[in-house]
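I am opening a notebook on a structure that is new to me, and I want to set down what I look up in the order in which I look it up. The sequence and the model come before the entries.

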Amino acid sequence: MANTFEVEDVRYSYGDISALPGVTLNVPKGRRVALLGANGSGKSTLLRLLAGLSFPASGTVRFLGDALSKERLEEEEFFYSFRRKVGVVFQNPDVQLFNASVFDELAFGPLQMGWPAQKVRERVMEMLREMRIEDLKDRAPHRLSGGEKKRVAIASVLVLDPEVLLLDEPTAALDPPSQTQIVALLASWKDTGRTVVIATHDLDALEDLADSCYLLKDGQIAGQGDPLTVLHDVTLLEEAGLVRPHRHTHGHVHVME
Ligand SMILES: Nc1ncnc2c1ncn2[C@@H]1O[C@H](COP(=O)(O)OP(=O)(O)OP(=O)(O)O)[C@@H](O)[C@H]1O
Ligand SMILES: [Mg+2]
């Protein structure tokens, strides 16, 4: 099977802090891959590397066979083709929203692509309905609540229907109906040819969200498999800090056998 992304022995540090001390993984074309791991395990860092927003200190990240380097992304043709194909939803929606209104936020990408005004309007209205944010259409994105911002950020990426999606905790900060809606959307993408990489803490929805998963621990792959296999591997989940330790009434915290 062809791979959309191939990550080979990638190292990345923030100054003295080694975030990824050597990661190797593949994202097969048309599959939905979840990245699981405790806070600070390197999920967002890895997504930034896949998004061509940071570059590894050593090792390679390949997108459809092309090594993603700073130099390569400085080539205009490659840059635009990569950005057209790959949509990124950040963990923090504040870094993503910069337009005066929610409508403009959704229209921005399609207008950049040179779509005719009528088509932009129709597509934006359709997306506003789908994401249940029609009532926010004229609001300033930076004055919305956290969950509203998140929904606008997701909508502003989905509006262009990219073939590859990188989603950093898309359901975090969302109320239950909005979470259910995003999970249903991801579930509906199964076997549709779309490639998805999603960082998530949502183990309950994992089977719906992903076809396979990687567990990260301290920036390294601690395990991998299909959602059911990973969810049944309690030792692995404990090691990766993904299950709640069991708390006794006498106050000590220990991990369940
Ligand atoms: N801008 C930064 N400067 C310095 N260190 C950073 C920065 N961003 C992340 N780190 C460090 O890199 C490591 C990986 O962080 P990363 O944000 O990738 O984790 P994460 O798995 O996405 O965590 P979370 O579940 O909290 O979102 C952590 O040790 C973190 O402290
Ligand atoms: Mg993160």
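**Entry: the sheet**

I began with a pair of residues in the sheet, and I found that Val 7 stands opposite Val 61 in β4. I should say at once that this is a predicted model, in which local features need pLDDT of at least 70 and side-chain atom pairs count only at pLDDT 80 or more, while totals for chains, interfaces and linings use all residues. For my own bookkeeping, residues are numbered from 1 along each chain as its sequence is written, and chains are lettered from A and ligands numbered from 1 in the order in which they are written. Helices (H or I, at least four residues) and strands (E, at least two) are DSSP runs, numbered from the N terminus, and two strands pair if DSSP finds at least two bridges between them.

β1 and β4 run antiparallel and are joined by 5 bridges. On its other pairing, strand β1 (residues 3-14) is joined to β2 by 9 bridges, again with the two running antiparallel, and here I noted Glu 6 opposite Asn 26 in β2. I looked at how the chain gets from β1 to β2, and the two form a hairpin with 2 residues between them, where Gly 15 in the turn has a positive phi of about 60°.

Which order do the strands take in the sheet? I wrote down β2-β1-β4-β5, an open sheet of 4 strands with antiparallel pairing. Its edge strands are β2 and β5 (66-67), each of which pairs on one side only. Strand β4 (residues 58-63) and β5 run antiparallel and are joined by 2 bridges, and the bridge partner of Phe 63 in β5 is Asp 66.

Between these two strands I stopped at Leu 64, whose place is in the loop between β4 and β5. Leu 64 has a positive phi of about 45° although it is not a glycine. Is Leu 64 buried or partly exposed? A residue is buried if 20 or more other C-beta atoms, placed from the backbone, lie within 10 Å of its own, exposed if 12 or fewer, and partly exposed in between; Leu 64 counts as partly exposed because it has 15 C-beta neighbours inside 10 Å.

**Entry: the ligand**

I then listed the residues around ligand 1, taking a residue as near if its C-beta atom, placed from the backbone, lies within 6 Å of the molecule. Among them are Tyr 14, Ile 17, Asn 39, Lys 43, Ser 44, Thr 45 and Gln 91. The elements that give two or more residues to this shell are β2 (17-28) and α1 (43-50), and α1 gives the largest share, 3 residues. By class the shell has 3 nonpolar, 8 polar and 1 charged residues, where Ala, Val, Leu, Ile, Met, Phe, Trp, Tyr, Cys and Pro count as nonpolar, Asp, Glu, Lys and Arg as charged, and the others, Gly among them, as polar.

I followed α1 further, and since 6 of its 8 residues are buried, the helix is largely enclosed by the rest of the structure. Lys 43 and Thr 45 are among the buried residues of α1, as are Leu 46, Leu 47, Leu 49 and Leu 50. Just after α1, Gly 52 takes a positive phi of about 65°.

**Entry: the core and helix α4**

The largest nonpolar core (buried Ala, Val, Leu, Ile, Met, Phe, Trp, Tyr and Cys residues joined through C-beta atoms within 7 Å) has 65 residues, and those with the most contacts inside it include Ala 34, Leu 50 and Leu 106. The largest share of this core, 5 residues, comes from α6. Two residues are in contact if their C-beta atoms, placed from the backbone, lie within 7 Å; leaving aside neighbours within four places in sequence, Ala 34 is in contact with Ile 198, Thr 200, Leu 206, Leu 209, Ala 210 and Cys 213.

In helix α4 (residues 102-112), I found Leu 106 among the buried residues, together with others including Phe 103 and Glu 105. What covers the buried residues of α4 includes α5 (117-130) and α6 (146-158).

**Entry: the whole chain**

Finally I noted that the chain has 10 helices and 12 strands, and that 38% of its 257 residues count as buried.
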